[in-house]
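User: I should like to learn how to read the main features of a protein model, one at a time. May we work through them together?

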Amino acid sequence: MVNKILVIDDEEHMCWALEKGLRQEGYQVITATRGKQGLELIRIEVPSLVILDLKMPDMDGLEVLAKAKELIPYLPVIMITAHGTIDTAIEAMKLGATDYITKPFDLDELKLVVKQAIMVSHLQEEVTFLRTELNKKYGRIVGNSPAIQEVCALIEKVADSNATVLITGESGTGKEVTALSIHQLSSRREKPFLPINCAALPEALLESELFGHEKGAFTGAVARKLGRFELANHGTLFLDEITEMPLSMQVKLLRVLQERQFERVGGTDSIKVDVRVIAATNRDPLECIRKGTFREDLFYRLNVLPIHLPPLRERKEDIPMLVMHFLEKFSPSQGQLISPEAMGLLLTYEWPGNIRELQNVIERAVILSQGYEIKPHHLPKEIQKTPANRCENQQGLIINFPDQGISLEEVEKELILKAIEKSNGNQTKAAQLLGITRSALIYRAQKYQIKL
């Protein structure tokens, strides 16, 4: 693609000279001799770069610069003037000028400034594109439930800290999305975010992936390789499924976290890094410690800022919003709809695979419905089972609806009271009877003003 350059200068011979010189470099060049004309060309032509004179009869160059930035915020603008002063240079930079050059100037010097400005602009566009693709891949935290809002508030609090974070939660609850959200809200957002799954690699390969290796360190090491810690320097390293890491690797990771330095495999030089580590697991770390598969000292080193993600079954009020989010993702132009009956089934399903399972179900339903409204028969068989059948099969529970209807909140409150009574006030046992966590029980009890 040929880069288009707009020259705005009230001196016609300057426009002609710049147009000729820049065309020799392969650029497409358009010119304007008035500020208003230049702004109109910016709006219509959308140039790759603007060369702008400071002094013009109808509109001051700084005014043109300000309006140009309103039209295209990331547009590179190089200011040119014979009246260069420090004050005007500073003012131009404040308004967003990319560079500043004074007349008389060397044409080769201007060509170099133009080349560098366009290169930087393209890099910024690439970074923006890659970040957008990263967001598409990992998604974002969606929901208004108290449980998920508490998580979001905690993310905002811990984001700018350099302390390690340990994210726990069942598979599919969004641990990697949470880690990326922390990174994007932190001061490290302009630096790399590198994830690695500790369960997906054998021990020898995992060590090389984390710390890199020197040429000849082992068979097949034909060149030096930088590890994730080096590549993530000044950024964030996300260690997923940390409790699956071999014990010998846990010792090495603990040393890196304590000393902030390491050696490549086969190397002797210590490499210092500034990396924020976020770890995650779908297991209970304390249970892993009891079994001897996870080091207690590493747990406490990682668990400085703990975040627990609730399973989807404990935040079902977020399901409609999540469904709309995934419909927009998988069918952005069709305005896909879902029937109340299908939504009702989604709300009663227990979601063992959590948000990841819901996403897959919606993607499947969008494909099967072919743009029409999603109906119950577009959903998987296990979700199509009626709530009544599911209750009868599991617990023999039968609810008779009175003619005047029933309050779902009253039913939930009554179930909590019955569970507390049956467990003789034991919160853990009551939570087990209800099929929820103890923290979820406490939250619901507070919601209904039930004393535990």
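Analyst: The turns below take up sheets, helix packing, a buried charged residue, a nonpolar core and cysteines in this predicted model.

User: Let us begin with sheets. What is the strand order of the open sheet that contains β1?

Analyst: In general, strands of a sheet pair through backbone hydrogen bonds, either parallel or antiparallel. Here five strands form an open sheet in the order β2-β1-β3-β4-β5, and the pairing is parallel. At its edges lie β2 (28-32) and β5 (99-102), each of which pairs on one side only. On average, and with direction ignored, neighbouring strands are turned by 20° against each other.

User: How many bridges link β1 and β2?

Analyst: Strand β1 (residues 4-8) pairs with β2 in the parallel sense over five bridges. Within this pairing, isoleucine 30 of β2 is the bridge partner of leucine 6.

User: Which strands do helices α2 and α3 touch or cross?

Analyst: For each helix, one may read the strands involved and then the angle. Helix α2 (residues 35-45) lies across β1, β2 and β3 (49-53), and runs at about 165° to β1. Helix α3 (residues 61-71) packs on the sheet through β1, β3 and β4 (77-81), with its direction at about 175° to that of β4.

User: What is the order of the open sheet that contains β7?

Analyst: That open sheet has five strands in the order β7-β8-β11-β6-β12, with parallel pairing. Its edge strands, β7 and β12 (305-308), each pair on one side only. Neighbouring strands of this sheet are turned by 20° against each other on average, direction ignored. Strands β8 and β11 run parallel and are joined by four bridges; in β11, arginine 276 is the bridge partner of threonine 236. Helix α6 (residues 146-158) packs on the sheet, where it touches β6 (165-168), β11 and β12, and its direction makes about 160° with that of β12. Helix α7 also packs on the sheet, touching β6, β7, β8, β11 and β12, at about 165° to the direction of β8.

User: Is arginine 188 buried or exposed, and which side chain does it meet in a polar contact of 2.8 Å?

Analyst: Burial is read from relative accessibility. Arginine 188 counts as buried because its value is 7%, which is under the 20% cut-off. This residue is in the loop between α7 (175-185) and β7 (193-197). Its side chain makes a polar contact of 2.8 Å with that of aspartate 274. Arginine 188 also touches residues including Thr236 and Arg276, the bridge partners of β8 and β11 described above.

User: Which residues touch the most other members of the largest nonpolar core?

Analyst: That core has 29 residues, and Leu210, Phe229, Leu239 and Ile242 touch the most other members. Elements that each supply at least two of its residues include α8 (203-211), β8 (236-240) and β11 (276-281). The most comes from α10, with five residues. Beyond four places in sequence, isoleucine 242 touches Leu166, Cys198, Leu253, Ala279, Ala280, Thr281, Phe294 and Leu302.

User: How many disulfides does a search of the whole structure find?

Analyst: A disulfide is a covalent bond between the sulfur atoms of two cysteines. The search of the whole structure finds zero. Cysteine 198 is in no disulfide, and the nearest cysteine sulfur, that of cysteine 288, is 13 Å away. Cysteine 198 is buried, with a relative accessible area of 2%. Cysteine 15 is also buried, at 3%.

Notes: Residues numbered from 1 in each chain as written. Predicted model: local features only at pLDDT ≥ 70, side-chain atom pairs only at ≥ 80, totals over all residues. Heavy atoms only, no water. Core = buried A, V, L, I, M, F, W, Y, C linked by side-chain atoms within 4.5 Å. Buried < 20%, exposed > 50% of the residue type's maximum accessible area, 1.4 Å probe, protein only. Contact = heavy atoms within 4.5 Å. Pairing = 2+ DSSP bridges. Axes fitted to C-alpha atoms, helices over the stretch in contact; angles between N-to-C directions. Polar contact = N/O pair within 3.5 Å; in protein donor to acceptor, adjacent residues only side chain to side chain. Disulfide = S-S within 2.5 Å.
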